[in-house]
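Here are some worked exercises on a multi-chain model. Try each task yourself before you read its solution.

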There are 4 protein chains.
Amino acid sequence: MALRTAEEYIKGLRNQNREVYIHGEKVTNYVDHPCVRPVIESVALTFEKAFDPEFENWLVKDSDLVKGPVNRFLTVHKSQDDLVSRVQLLKMLTPQHGACVGARCVGQDAIHAAYITTYDIDKKYGTNYHERFCKWLAEMQEKDLAVSGMVTDSKADRSLRPEEQEDPDSYLHVVQERKDGIVVRGAKAHQSGALVADEHLVLPTETIRPEGKQYAIAFAVPADTPGIIHIYESPAGTVRRLLPGAGEMDFGNATYGVHGASLVIFNDVFIPWERVFMYQEADFSTEMVEYFARMHRLAFCGCKAGHCDILLGACMLAVEYIGLTKASHIWEKLVTMFQNSELSYGCAIGAARLGYATPSGGYMPDVSLTNAAKLQGGRAVAENANLAMDIGGGLLCTIPTQKDWENGEIREYINKYFRGKAGISTENRIRISRLIEYLMGQSSVIPAESILGGGPPETQRVMLRVTLRQRAGWMKERAKVLAGIKE
Amino acid sequence: MALRTAEEYIKGLRNQNREVYIHGEKVTNYVDHPCVRPVIESVALTFEKAFDPEFENWLVKDSDLVKGPVNRFLTVHKSQDDLVSRVQLLKMLTPQHGACVGARCVGQDAIHAAYITTYDIDKKYGTNYHERFCKWLAEMQEKDLAVSGMVTDSKADRSLRPEEQEDPDSYLHVVQERKDGIVVRGAKAHQSGALVADEHLVLPTETIRPEGKQYAIAFAVPADTPGIIHIYESPAGTVRRLLPGAGEMDFGNATYGVHGASLVIFNDVFIPWERVFMYQEADFSTEMVEYFARMHRLAFCGCKAGHCDILLGACMLAVEYIGLTKASHIWEKLVTMFQNSELSYGCAIGAARLGYATPSGGYMPDVSLTNAAKLQGGRAVAENANLAMDIGGGLLCTIPTQKDWENGEIREYINKYFRGKAGISTENRIRISRLIEYLMGQSSVIPAESILGGGPPETQRVMLRVTLRQRAGWMKERAKVLAGIKE
Amino acid sequence: MALRTAEEYIKGLRNQNREVYIHGEKVTNYVDHPCVRPVIESVALTFEKAFDPEFENWLVKDSDLVKGPVNRFLTVHKSQDDLVSRVQLLKMLTPQHGACVGARCVGQDAIHAAYITTYDIDKKYGTNYHERFCKWLAEMQEKDLAVSGMVTDSKADRSLRPEEQEDPDSYLHVVQERKDGIVVRGAKAHQSGALVADEHLVLPTETIRPEGKQYAIAFAVPADTPGIIHIYESPAGTVRRLLPGAGEMDFGNATYGVHGASLVIFNDVFIPWERVFMYQEADFSTEMVEYFARMHRLAFCGCKAGHCDILLGACMLAVEYIGLTKASHIWEKLVTMFQNSELSYGCAIGAARLGYATPSGGYMPDVSLTNAAKLQGGRAVAENANLAMDIGGGLLCTIPTQKDWENGEIREYINKYFRGKAGISTENRIRISRLIEYLMGQSSVIPAESILGGGPPETQRVMLRVTLRQRAGWMKERAKVLAGIKE
Amino acid sequence: MALRTAEEYIKGLRNQNREVYIHGEKVTNYVDHPCVRPVIESVALTFEKAFDPEFENWLVKDSDLVKGPVNRFLTVHKSQDDLVSRVQLLKMLTPQHGACVGARCVGQDAIHAAYITTYDIDKKYGTNYHERFCKWLAEMQEKDLAVSGMVTDSKADRSLRPEEQEDPDSYLHVVQERKDGIVVRGAKAHQSGALVADEHLVLPTETIRPEGKQYAIAFAVPADTPGIIHIYESPAGTVRRLLPGAGEMDFGNATYGVHGASLVIFNDVFIPWERVFMYQEADFSTEMVEYFARMHRLAFCGCKAGHCDILLGACMLAVEYIGLTKASHIWEKLVTMFQNSELSYGCAIGAARLGYATPSGGYMPDVSLTNAAKLQGGRAVAENANLAMDIGGGLLCTIPTQKDWENGEIREYINKYFRGKAGISTENRIRISRLIEYLMGQSSVIPAESILGGGPPETQRVMLRVTLRQRAGWMKERAKVLAGIKE
């Protein structure tokens, strides 16, 4: 059976070794680590929801490589409708976890790019990458593995090309060619969910020139292959989970809310030929990277629109809790947030609808619409975070912690002085504030205080309005004189 | 001597009691607490720099209330030049600490508002608030105390006025009138630096109607008065300081970088009449609040322009470290950041220059220019944070910690794979990334990943440019036909 | 045959009377009037291109009402693909004329709304509007008439509802009910292309309450029905065509560039019952208006994206003519213009792709995506106009006229001093500037001078960059100190 | 007496010859030409208001070159307060005419730059330009002449320097050096108000390299010197004045509303040495240009803020006329317009306040604040034009003409169907619409129709709000689940 349960996925992870360092310590049981488990829970949803009728049409698909249904994250988009479904799937899925399923989502983008490009390489060079790739993909589908896509190299000096760097390992490359395969060295940085994937699909990160052909490589590798080392993220929001005494009320999105990126080091890792999908074909590096990036940008827009949905929901609740539901300036902001997100989502759907077939049969979305949608998606999240800060108010800077809340000496004060309108639970107000804090990126103090210090922006607009009203008579008088109006 | 040293200020704090709860625990030695000490260090600079020739003209001023020079933060602005100097002072001072000196700065705004309004109340009602106030202010100047201004009430239901709230304590109010003074109850929320001030000057937070006259109160109170309780902030960036194993490399701005806000509860606190500066004169509440807010918004613009200066400095360093100094799109972004901040600063200087005298002799900046400048200042910090995220790149999500750095097993990997261009120290690259993370509000994961996932915005713009170039021929052809151009 | 040629359309117009006033004069031969003919030329393209293989798939469609192919502008959208094709058709067609085909395009939106709503009214009230409507539509298809949609009433006081206005004729309404039909009075304002349509389809402009049921009417009427009076537009760009001595070089888009809106007065016009499609069913007014508006907003996005394509083409030419093709700040602006327009277009395609069937079988696009796309489309045209002004430079204010050009005494000066780079024809530079002026709305002097006076915005950014570089050292120093960087 | 009356200024113009071509015709009596007279009326205000007590402090100043008071437009800024007054003067003056006084305003900026730079040149080279310049300036002051500043060359290929152009006359340069002076050839393009100035002060337009030293020239020349030829502007709004039958109701700002720019050709014009203020000192060209541009940008901000005041007044009237005074979305837009304009004005005042002395004694405003203010000023006018279009509505595209209004057959229809709320004169509504059309740059049809077609933006926001409300329940549910809220 090609669809695993969430439990089988997690059990599978327990059976795999990882060399991982978290906050400066080597961790053996990474599956239950408080900074990793939430990521696993998100990814587990991609397995669990495959059995949920509401998600079935989006998450399950027949394969042309193996028998029976497989998880859509392991498939190639073969029509405009497939592309549209991909965007919709993420729009539906992200509000379920509010975090990241990079261990599958980025993987699908890499799968798609590799599927198309291997076909094109073979056409030009008579290689058999595409067959190898399809065989590998069939294995992934049959075992229903979580595949992470890996692209971003560590790069060092951005003004130099891979082969010009002082340290040749600044970009992942082949250090030894063997009869049975290649040995690679280097690192992929900021890899979302790589730690909790079962397999990695690795692509080059930028255009490679002929001189740098050792850097033009693509391959797959099981996650527990020796020589792979993870150094794990520790953003402010996540390290809170390591703090003694911190509790689930402090995490905003306690069950899922960790991104889960790591620096992934390839310390002379061996890759057998059957898992190598590009080697030295520098002239195809641009295609592979651009196809990957375009697909990832398309998918991104669905994910971020889903993210904005949660933020909108949280902001509407926060506003209800303090009795501001009817304020017109609040609705101005909510509508702007919605406009920001719909614009990106709609344009991504449009890009998918205008997608076209490549020679391999894989479909690509329209290039300029995809990029336009992604630019807007990033802007939406950033601008909406600022608007959420404006709506959420000063409490976002001073949300009490679970330990404060559980301390009998001060709980009554918190309950009394952080309450909203009558009948609303102060605890819920705290919880929704933490969620907003999480969704806007644990963004506290400086931007929040800048937006809110001296009163939120609306109060300055009110004063401008007061002055404008005072000057209105004079302004209108001047307009009348110039327009020739006499009365 | 009316100017204390930084050491005297800190020693003074040690001699004062505080009832304060931090992260759920009652703290006795708050002065040395890792989440409080940085705030004290910032405020200490306002004492220390008074003896620094570079700052002297801005920080020291002769008083008309006491003999000899006093700290400018304890003075009333008596001219347009005073207003201009205030903005300039903060523009100079903020880059020294990168945090907040609310314990003095907000206080000055409250002092200014109370000075003017008490004069006006007396004129109408024949009271003697202004004399009381000047006497108190002279005492502050002579002792060179740090005075925090307190305005924001806890509020509960925002659609109701103070006297309409279910819990009458939702706004600070008088619960008992005694022969020798009044007893107040309520709370002031999100009070920047209140914990490390020597004295609090408390004002109402909004317009009070006659029915709510018990809420129309202004008074001063020594910080160690019984009944005052602080529940301290715990934003993500600050709690990192409580994390076992975290080191100074993890804090971005280790020495100063804590905002230091608290919920300040007044649990039936007694205020003697000589410290009461408004009581039941509801018709002057609007004036007092608006004057405070206007002054605070003016000062804000100097502070935030200084903040933007540091962020610009940090971004320019980050870019240098990775060899991108010559990229034109980076300079586009830096110039936009600079434009954002200069616009707010310049408009604040303009507001100060067009300031006017009130009957008391205190000067107020132009109202609409002040509000226009503040709106832009908030926008500058928010938009610049997003641009800094764009410039800083994915590393902002995965900066290794000091514990990672000090772990012998992985240090070499970090050094190798997070390095920038040749000759640059990886440690410095980590440090500047942490500073940017701090300056943009510990904003990690969601906005950063949204802006950067699938490549930074510039990469999407590049793709748009590619498509635009492809379509240019057709577009130009259409334009020629319509314009009647034949060639 | 259901497809007329352009010549047949124009001949048809000649056979119809119109009561029309242009620039204060009653005009008999409106077909050849210099302010009307260009509009006819645009609309004629919708006939001509139906025979052009490139446009055939988009402009010709089989009807389910009559035999053989009909013009798509007279059809109902019966699938998601129909909706997508509509957006694409306008994206292709607008660059052919650069003006407006309102006499057909707005009509199709009205047709679509009336088709769906009449079906729904009948379902509720047992009326036979839908049958009437289909019969009328079949006639239009068979005769291949240009149908303009009419919606916007004259309105008077916007704070009052139709039935509350002082003058009851402020909204079009029924003044007499006869056995054979109704008599209507009122006016529809700003009607794009109405003068050159063969038939008008008239709908209400907003939600009607039961008290105003006389205003809840929809009907069709041949354009030469007695009692219909047009008062024609005279925007600055169009009146130039009336100027003695003005020539085609002065019009920017000489052949097509007139919008062609008029105030259309219904002076007690009789409508027979078979052309009445709603009468007094006030509860369906909202549906009819919203369906019309949504369709029109969707189509708008295709049209405006086509418009932006021409503007981009013109700007690229203008820049080539003066040797600025390689300036990176120019490309920044062009890419922003392109992003603005692609975002709206893509989102409209997305709205079409997520369209859904109504009970009548007519498809409607997604509501929030359509509105998001339209908001962005308006912003695109406005912001792109400003960017075009910035790119086009001061010449946009001082373009010489054809009469200047043809004056032998000064032609050599114009040729010499308005020339661009070597080898470029000065006449072409003048022509492309006029086209840009036309495309940005004959926007001269004030915005142009504001954007360009004292040098274009780029020159100010250059100065900011100079200052920023000067201060960079100090800014970086502060960042280093705060980050703990020692070197 | 050094202050002329408006009549004396106009009489003076009548006594001077001009070679000028307007709309392709040579014009002898340019003073009374309908496209020129309004410009003269604006400039005449700078004479008239010098005798008006309200303007006296701003328009009249004692000179250190001649006895008695002189017009401020002929003076050098010798203090921060002078700079502040300059900005304020234009903020006050522009609402008096709503057009341009370039014949004096640009002149003052050129005077200021030449005053400072001639001083600096003399210091380095021992020349006596400064003395010459002061003598000339004293003459201007004594005669109270209108001096236009001339900077922008015709340029041709923007990628080449002056000396590299195919046609050496593309930049103004010296073609002959004589004993008594120099002969210059070339042209200055887009010269605001040059035609109605008494004297021109000519500066280089950009940095000149040593190889191009013949282009490094500055000089003054009386306006009626032989060899100077004007080719006059003809933007759409202005040519309307040439239209037979057009009346003052059609011009928006009938008395003053013409910008008045011309292409000014120097056809081998002789300049005596005493009027030459720079010749071949290429190394000072940058200073002279940058000082001119900076001063002009500063002054610009006052002018444009005054312009925005009128537009705000006109928009408020337009809204009153149709009963929309209480709509909150209208006030949102008005406040945004006001914010845009105050921000530029305030920042300009700030730049003036932080001005500094040059060696000559002339003061320069802060460089980065000036440029930041100007960038915002251009943005304000452009963005406010778009908002005005949104507020003004469809009528802006279809305003009836005076001839329509005066035609007895249709006047009653216009009166009836373009009326606003009860009691408002339709004529006044037409007049204020024309003023808005003028103020936003005769911007009709395309941007207006794009912003308003399918309903103004607010209607799309309303639909987004409707959808958002429909989805609110689901969005809030997701937020609750993630935040751990159970209820």
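**Exercise 1.** Work out how far apart the ends of residues 5-278 of chain A lie, and what the span is made of.

*Solution.* Start with the end C-alpha atoms of residues 5-278 of chain A: they sit 33 Å apart. Next, the secondary structure: 32% of the span is helix and 24% is strand (DSSP runs numbered from the N terminus, H or I of at least four residues for helices, E of at least two for strands). Finally, the annotation: UniProt lists this stretch, in an unreviewed entry, as "domain: HpaB/PvcC/4-BUDH N-terminal" (positions follow the numbering used here, feature names are shortened, and annotations may be inferred rather than shown by experiment).

A word on ground rules: residues are numbered from 1 along each chain as its sequence is written, and chains are lettered from A and ligands numbered from 1 in the order in which they are written. This is a predicted model, so local features need pLDDT of at least 70 and side-chain atom pairs count only at pLDDT 80 or more, while totals for chains, interfaces and linings use all residues.

**Exercise 2.** Check the confidence scores of the model and of chain A.

*Solution.* Globally, ipTM is 0.92 and pTM is 0.93. For chain A, the mean pLDDT is 91, with 94% of its residues at 70 or more (pLDDT is the predictor's per-residue confidence, from 0 to 100).

**Exercise 3.** Find the operation that lays chain D on chain C, then describe the contact between them.

*Solution.* Step one: turn by 180° and shift by 0.0 Å along the axis, and chain D lands on chain C with an RMSD of 0.0 Å (least squares on C-alpha atoms of residues with pLDDT of at least 70 in both copies). That's the relation of a two-fold axis. Both copies use the same surface, as 100% of the contact residues of chain D recur in chain C.

Step two: 95 residues of chain D contact 95 residues of chain C (C-beta atoms, placed from the backbone, within 7 Å). On the chain D side, helix α10 (residues 367-392) gives the largest share, 12 residues.

**Exercise 4.** Lay out the open sheet of 6 strands in chain D and look at one of its pairs.

*Solution.* The order is β2-β1-β10-β11-β7-β6, with mixed pairing (two strands pair if DSSP finds at least two bridges between them). At the edges are β2 (25-27) and β6 (173-177) of chain D, each paired on one side only. Now zoom in: β10 (residues 228-232) and β11 (residues 261-272) of chain D run antiparallel over 5 bridges. Across this pair, Ile229(D) faces Ile265(D) in β11(D).

How values were computed: Two residues are in contact if their C-beta atoms, placed from the backbone, lie within 7 Å.
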